[in-house]
Amino acid sequence: MAIVDLVNAGEQQQQAAKRQEEDGEREYYCRRGVRNLCDSGISRLPGKYVLPASDRPGQAAAVGSVKLPVVDLSRLRIPSERAAVLRTLDAACREYGFFQVVNHGVDGELVTGMLDVARRFFALPFEVRKRYMSPDVRAPVRYGTSFNQVNDAVLCWRDFLKLACMPLAAVVPSWPDAPVDLREVASGYAEANQRLFMEIMQAALEALGVSGAAVLEDLAVGSQMMTVNCYPECPQPELTLGMPPHSDYGFLTLVLQDEVEGLQVMHAGDWLTVEPLPGSFVVNVGDHLEILSNGRYRSVLHRVRVNGRRPRVSVASFHSVAAERVVGPAAELVDEHNPRRYMDTDFATFLAYLASAAGNHKSFLHSRRLY
Ligand code: OGA
Ligand code: NI
């Protein structure tokens, strides 16, 4: 064997050993999650969670805070005020891709009950939570950690419980049976979110001038996924993120955040912290609605920062059409002045994309762009 080959073989072996070590480390942390890591008492952030300097939360873009446009749903329900509220909603979806809804009619006890049961779930012994871990992204219940466990080079400071919500009666029996009231509270909450989503979606289609009967029918029997997020207090919050910059996949996401701030939205090149507004939901445009609106509404990058003092809990509800349905720009929004900007897309394309790439940033949406 030539000397060169020997050297190469040695290097390859070293690289393989390094990869194995990295995989072992990833597995070590992914099996435990960050809640568990914190509970074991750490004073420094493990290297697997340390972002490269350019991706750290204090870097690159300026940081400020923002009061998002507020959509008052009780006014949307008054015929003489509906047009004005639709204008607010339309402007918010074009400019920020985000807004907050108040007076939404979802029972306050259901909302506080959901946050409470979420906290109690993450406080369960790790042995109990661990039962719901699954590597299968299609599992109706999945407890896990980080953002995209398989692809993340650096892990994120987040644990989550993902619950498939459609059809509700069929999936609830597979949800965790601890805490004992989780199924009852979370299913009531999921149902209320789906109703609210349909009402906001109907308003969005009206504001876009799209005759949405067919889409609304598809959405009524579409898909709903709920993610319960836990971002524990972090020993070195300036070095990591709870969630990396990403956009959401579906039509709209409804986010319930507790009183601890952390969600940041990219706007005009700056990261803006969304000030928690008690009793409200944060609503954001997802990739599907950007495509349907032919780019008028924007599915905007957002991320989650963590802090050293207090754990944060949020519940995100993602709504879309069923997996086999195709989404494309609405006919009303395509003409000679506004050519079609996106290819039709479906869930299978998205899953194939996730398996092939890092799956973060806005790359999926970009991959559907025509120009
Ligand atoms: C998400 C998300 C924000 C938050 O789950 O996609 O952006 O505040 N969540 O947890
Ligand atoms: Ni998101």
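Contact here means heavy atoms within 4.5 Å. This tour moves through a predicted model, and each stop names what to select and what is found there.

**First stop: Thr 227**

Select Thr 227, which is part of strand S6. With a relative accessible area of 4%, Thr 227 is buried, because the cut-off for that class is under 20%. Leaving aside residues up to four places away in sequence, Thr 227 touches Arg 158, Phe 160, Leu 161 and Lys 162. On the same terms, Thr 227 also touches Ser 314, Val 315, Ala 316 and Phe 318.

**Second stop: ligand 1**

Next, display ligand 1 and the residues around it. Among them are Asn 229, Tyr 231, Met 243, His 246, Asp 248 and Leu 263. The shell also includes His 302, Val 304, Arg 312, Ser 314, Ala 316 and Phe 318. By character, these residues divide into six nonpolar, four polar and two charged.

Three side chains may then be picked out for their polar atoms. For His 302, an N or O atom of the side chain is 3.0 Å from an oxygen atom of ligand 1. For Asp 248, the corresponding distance to an oxygen atom of the ligand is 3.2 Å. For Asn 229, a polar side-chain atom lies 3.5 Å from an oxygen atom of ligand 1. Taken alone, ligand 1 exposes 290 Å², and the protein buries 97% of that.

Which elements give two or more residues to this shell? They are strand S6 (223-231), strand S7 (243-246), strand S12 (302-304) and strand S13 (312-320). The largest share, four residues, comes from S13.

**Third stop: strand S9 and its partners**

Select residues 263-267, which form strand S9. This strand is mostly covered, with four of its five residues buried. Leu 263, already met in the shell around ligand 1, has Val 304 in S12 as its bridge partner. S9 and S12 pair in the antiparallel sense over three bridges.

Now add residues 270-274, strand S10, which runs antiparallel to S9 and is joined to it by four bridges. In this pairing, His 267 stands opposite Asp 270. S9 and S10 form a hairpin with two residues between them. In the turn, Ala 268 has a positive phi of about 50 degrees.

**Fourth stop: strand S3**

Select residues 98-102, strand S3, where five of the five residues are buried. In a regular strand the side chains alternate between the two faces of the sheet. On one side of S3 are Phe 98, Gln 100 and Val 102, and on the other are Phe 99 and Val 101. Both faces are covered.

Strand S2 (residues 70-72) pairs with S3 in the parallel sense over three bridges, and Asp 72 stands opposite Val 102. Strand S11 (residues 281-285) pairs with S3 in the antiparallel sense over four bridges. Here the bridge partner of Val 101 is Phe 281 in S11.

**Fifth stop: backbone geometry in the loops**

Most residues other than glycine have a negative phi, and most peptide bonds are trans. The next selections depart from that pattern.

Select Met 166 and Pro 167, which are joined by a cis peptide bond with omega about -15 degrees. Pro 167 lies in the loop between strand S5 (159-164) and helix H7 (168-171). A cis peptide bond also joins Ala 178 and Pro 179, with omega about -10 degrees. Pro 179 is found in the loop between H7 and helix H8 (182-208).

Is Ser 146 buried or exposed? At 0% relative accessibility, Ser 146 counts as buried. Ser 146 is located in the loop between strand S4 (141-145) and S5. Although not a glycine, Ser 146 has a positive phi of about 65 degrees.

Asn 294, again not a glycine, has a positive phi of about 55 degrees. Asn 294 sits in the loop between helix H10 (287-292) and S12. Asn 294 is buried, with a relative accessible area of 5%.

**Last stop: Ala 220**

Finally, select Ala 220 in helix H9 (residues 213-220). Ala 220 is partly exposed, with a relative accessible area of 42%. Not counting residues up to four places away in sequence, Ala 220 touches Met 166, Gln 194 and Met 198. Met 166 is the residue that enters the cis peptide bond with Pro 167. From Ala 220 to Arg 303, the C-alpha to C-alpha distance is 29 Å, and the two are 83 residues apart in sequence.

Methods:
Residues numbered from 1 in each chain as written. Chains lettered and ligands numbered in written order. Predicted model: local features only at pLDDT ≥ 70, side-chain atom pairs only at ≥ 80, totals over all residues. Heavy atoms only, no water. Buried < 20%, exposed > 50% of the residue type's maximum accessible area, 1.4 Å probe, protein only. Near = heavy atom within 4 Å. Polar contact = N/O pair within 3.5 Å; in protein donor to acceptor, adjacent residues only side chain to side chain. Areas by Shrake-Rupley, 256 points an atom, 1.4 Å probe, with all protein chains shown as cover. Nonpolar A, V, L, I, M, F, W, Y, C, P; charged D, E, K, R; others polar. Pairing = 2+ DSSP bridges.
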